[in-house]
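Reader: I'd like to know how the labels people put on a model like this are earned. Can we take them one at a time?

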Amino acid sequence: MVSWQYRVFSHFIKWLPLKFTVQLLFFRRFKRWPNLEKPVTLNEKLNWRKLYEHEPIFTIAADKLASKEFIAAICPSITVPKTLWQGTDFSSLPDSTLPERFVIKANHGSRMNLFFDKTNRPNFIKLEKNRKSWFQHDQFSTLGEWGYKNIIKRVFVEEFLDFGGKNPDDYKFFVFHGKVHFIQLDTGRFEGHHRNIYTPDWQDTGIAYAHDRVVPSPPKPELLDVMVAAAEQIGEYFSFVRVDLYQLNGQVYFGELTLYPGAGYEVFPTEAIDTLFGQPWNINKRASKKYE
């Protein structure tokens with residue numbers, strides 16, 4: 001559910017000029033003003049993107065439904081979770097024909113997921129309450145994330161990926177101009193969340209931010225080379241994108257595309273590390289491929 005504090009904040013900040021909003025949120029987070037004319041750190045460049053890099057493909061990437069179609073079209077080596085139903089409300093939700101386990105999501109933002117199984121079936125009134133709350137969420141008006149501005153909001157049912165009752169390891173590939181430079185591994189996301197940062201050849205950088213590292217470092221994933229190749233293939237359509245993937249039963253599964261990690265306000269251990277993450281991104285260089 002979207003909190004009342006978020007709704008009040010959203011109502012206030014959406015009336016401010018976008019550049020001032022971006023600067024204000026940055027100052028609130030880092031206690032300094034961002035350099036938006038000559039950005040250096042990853043966070044500065046992400047906020048520069050909000051203001052100045054508005055590519056049509058961003059709407060596709062930010063839309064959880066459209067991004068799945070995009071990935072299926074340009075990267076067939078990745079398995080895309082099946083969409084079982086979609087709509088603008090839940091009036092036509094086919095509850096009687098849905099599988100035992102599934103996930104209900106909204107397509108226009110993060111953290112809007114509901115999980116169901118045989119002991120927990122959908123309740124229309126509760127679903128509609130969630131949908132109305134979800135549809136009030138607007139990441140463009142509140143955070144300046146342009147990619148979300150033109151998404152037609154929808155709700156959908158997605159197949160449940162069974163990882164044997166465990167939280168799946170989440171591999172997040174930071175791809176700059178078609179090349180992976182960093183890999184973020186999130187483990188135990190819903191209990192005992194840990195995070196490690198690797199080079200593309202799986203050397204642990206020792207960097208820890210937001211969550212403690214797993215020590216000793218987890219072993220190289222079986223399908224690392226496949227995931228890196230897929231992430232780089234996808235990354236050719238962007239100057240920068242984070243590609244989130246999973247591996248399960250010998251297959252690579254698509255998670256999502258992230259254009260604004262941490263909304264451009266991720267707190268790294270030091271500004272030097274923030275700069276390290278931003279260094280591979282040449283903001284004056286366009287993507288090498290265009291999606292038609």
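Author: Sure. Let's start with helix packing: axes here are lines fitted to C-alpha atoms, for helices over the stretch in contact, and angles run from 0 to 180 degrees between N-to-C directions. Keep in mind that this is a predicted model.

Reader: What angle do α3 and α9 make, and how far apart are their axes?

Author: Helix α3 (residues 42-52) packs against α9 at about 55°, and the axes are 7 Å apart.

Reader: Why are α3 and α9 called oblique?

Author: Angles under 35 degrees count as roughly parallel, and 65 to 115 as roughly perpendicular. The value of about 55° fits neither class, so the label is oblique. On the α3 side the contact is made by L42, N43 and K45, and α9 brings D274, F277 and G278.

Reader: On to the rings. What makes Y171 and W202 a tilted pair?

Author: Ring centres have to lie within 6.5 Å to pair, and planes under 30 degrees apart would be stacked, over 60 edge-to-face. By this rule there are 22 aromatic pairs. For Y171 and W202 the centres are 6.2 Å apart and the planes 50° apart, so the pair counts and falls in the tilted class. Y171 belongs to strand β5 and W202 to the loop between β7 and α8, so the pair ties together parts 31 residues apart in sequence.

Reader: How do you know that Y171 and W202 are buried?

Author: Buried means under 20% relative accessible area. Y171 has 4%, so it counts as buried. W202 comes out at 9%, so it is buried too.

Reader: And why is the F182 and F277 pair called stacked?

Author: The planes of F182 and F277 are 15° apart, with 4.2 Å centre to centre. Stacked needs under 30 degrees, so that label follows. F182 sits in strand β6 and F277 in helix α9, 95 residues apart. With 8% relative accessibility F182 is buried, and F277, at 0%, is buried as well. Both rings also belong to a cluster linked by ring pairs, which includes F174, Y209 and W281.

Reader: What makes R195 a charge over the face of Y209?

Author: The distance part of the rule asks for CZ of Arg within 6 Å of the ring centre. R195 lies over the face of Y209 at 5.0 Å, so that cut-off is met. R131 lies over F135, also at 5.0 Å from the ring centre.

Reader: Last one: how do you know that D63 caps α5?

Author: A side-chain oxygen of D63 lies 2.9 Å from the backbone nitrogen of L65, at the N-terminal end of α5. A polar contact needs N or O atoms within 3.5 Å, so this distance qualifies.

How values were computed:
Residues are numbered from 1 along each chain as its sequence is written. This is a predicted model: local features need pLDDT of at least 70, side-chain atom pairs count only at pLDDT 80 or more; totals for chains, interfaces and linings use all residues. Side-chain values use heavy atoms; hydrogens and water are left out. A polar contact is a pair of N or O atoms within 3.5 Å; within protein, one must be able to donate a hydrogen and the other to accept it, and residues adjacent in sequence count only if both atoms are side-chain atoms. Helices (H or I, at least four residues) and strands (E, at least two) are DSSP runs, numbered from the N terminus. Rings of Phe, Tyr and Trp (its six-membered ring) pair if their centres lie within 6.5 Å; planes under 30 degrees apart count as stacked, over 60 as edge-to-face and the rest as tilted. Buried means under 20% relative accessible area, exposed over 50%, partly exposed in between (1.4 Å probe, protein chains only). A charge sits over a ring if NZ of Lys or CZ of Arg is within 6 Å of the ring centre and within 35 degrees of the ring normal. Contact means heavy atoms within 4.5 Å.
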